Amino acid sequence: MRQFILSGQEIRNGLVSIDGNDYRYLRQVLRVRPGDMISVRLEDGSLANATVAKVDDKKRCVLLQFCAAGENSFGADEGSITRGVQASALNSGFSSGIEFWLFQFITKPQKFEQIVRQATECGISKIIPVKGEYSEKSSVLAFEGNKRERLERIIREARQQSGSPVSTEILLPLGLEDALSLWQKNDCQDDGGLSSLGIVLYERTDETENLSALVNRKKNGLKKAAVCVGCEGGISPAEIEFLSEKGLFHRVHFAVNILRAETAALYGIAALQSAILSE
């Protein structure tokens, strides 16, 4: 469930004052009142309990008081109006300690924002925008200026809404070769790739592999998993070949209807997570 994420606010003597847009979120979205208890995600990623000590609508400020360690622990307290997921849950059922990445070929801005929001809610650790052959130049240029700041706000809102303990990060746009190099540096190649798995969603059936079979081959000790999704128009044949030649991404085809880019991203993430976490 929802949580509140601290972002730069200073805690003094167990108290923190919330104003600005965060005040609006607490009052208009969470609708907090004095005495309410909420989950607060601290900057180190941990989850703490806090009580709404004071609401000053004239000054547009909410004062939160943190509970003592062990006091009113979440899970036992049904009076909480929010319920985030403890960071420790990453190793006990939330994602089994596996880090999920999304390589998303850049779509039109509005669609990309939707993809970022949904990926964050699903607990994706890193989102890498990829400048693909079919990505519109205007969409790529849209990442300049304040676009990154807007996406980071969307990520924060999505984490607060979903209660995700994963600190989702969005990187600067990369070309396909640089994106693959990034994954190669982080995909646990020291063990021959046995603890990592990358898949690319492919609209055709040529040289594709079964997702369950891929997961079964690496189900012991899997630490990182990535899904690569195309933009409007998909991924070019040359890009598919490049992804496959490197041996870092396996082609996977789902026998479903033709999906929009934003639907395919969510579908692919869910399918990959379900295949891994159900094993």
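User: How do you know that tyrosine 25 is buried or exposed?

Analyst: The model is predicted, and in it tyrosine 25 has a relative accessible area of 10%. Buried means under 20%, so tyrosine 25 counts as buried.

User: What is the relative accessible area of phenylalanine 4, and is this residue buried or exposed?

Analyst: Its value is 0%. The cut-off for buried is under 20%, so phenylalanine 4 is buried.

User: How many aromatic pairs are there, and why is the pair of phenylalanine 4 and tyrosine 25 called stacked?

Analyst: The count is eight aromatic pairs. For phenylalanine 4 and tyrosine 25, the ring centres are 6.4 Å apart and the planes stand at 25 degrees. A pair needs centres within 6.5 Å, and stacked needs planes under 30 degrees apart. Both values meet these limits, so the pair is stacked.

User: Which parts of the chain does this pair tie together?

Analyst: Phenylalanine 4 belongs to strand E1 (residues 4–5), and tyrosine 25 to helix H1 (residues 20–29). The pair therefore ties together parts that are 21 residues apart in sequence.

User: What makes arginine 251 count as lying over the face of tyrosine 202?

Analyst: Arginine 251 is 5.3 Å from the ring centre of tyrosine 202. The distance limit is within 6 Å, and the charge must also be within 35 degrees of the ring normal. The distance fits the limit, and arginine 251 is listed as lying over the face.

User: Which strands form the open sheet, and in what order?

Analyst: Five strands form it, in the order E1-E3-E4-E5-E2, with mixed pairing.

User: Why is one side of E1 and of E2 left without a neighbour in the sheet?

Analyst: E1 and E2 stand at the edges, and each has a single partner strand, so one side of each has no neighbour there.

User: How do you know that E2 and E5 pair?

Analyst: Two strands pair if there are at least two bridges between them. Strand E2 (residues 15–19) and strand E5 (residues 61–66) are joined by five bridges and run antiparallel, so the rule is met. In this pairing, valine 16 has leucine 64 as its bridge partner, and serine 17 stands opposite leucine 63.

User: What makes E4 and E5 a pair?

Analyst: Six bridges join strand E4 (residues 47–56) to E5, and the two run antiparallel. At least two bridges are needed, so E4 and E5 pair. Here leucine 64 is the bridge partner of valine 52. The hairpin of E4 and E5 has four residues between the strands, and arginine 60 takes a positive phi near 55 degrees.

User: Which residues touch the most other members of the largest nonpolar core, and which element gives the most to this core?

Analyst: The core has 35 residues, and Leu102, Val116, Ile199, Leu211, Val227, Leu272 and Ile276 touch the most other members. Several elements each supply at least two residues, including strand E6 (99–105) and helix H8 (261–277). H8 gives the most, with seven residues.

User: Which residues is valine 227 in contact with, leaving aside neighbours within four places in sequence?

Analyst: Valine 227 is in contact with Trp101, Leu102, Phe103, Ile199, Leu201, Gly268, Ile269 and Leu272. Apart from the largest core lies another core of 20 residues, among them Trp101, Ala179, Val200 and Tyr202.

User: How many residues does the chain have, and what percentage count as buried?

Analyst: The chain has 279 residues, and 47% count as buried.

Notes
Residues are numbered from 1 along each chain as its sequence is written. This is a predicted model: local features need pLDDT of at least 70, side-chain atom pairs count only at pLDDT 80 or more; totals for chains, interfaces and linings use all residues. Side-chain values use heavy atoms; hydrogens and water are left out. Rings of Phe, Tyr and Trp (its six-membered ring) pair if their centres lie within 6.5 Å; planes under 30 degrees apart count as stacked, over 60 as edge-to-face and the rest as tilted. Buried means under 20% relative accessible area, exposed over 50%, partly exposed in between (1.4 Å probe, protein chains only). A nonpolar core is a set of buried Ala, Val, Leu, Ile, Met, Phe, Trp, Tyr and Cys residues joined through side-chain atoms within 4.5 Å. Contact means heavy atoms within 4.5 Å.
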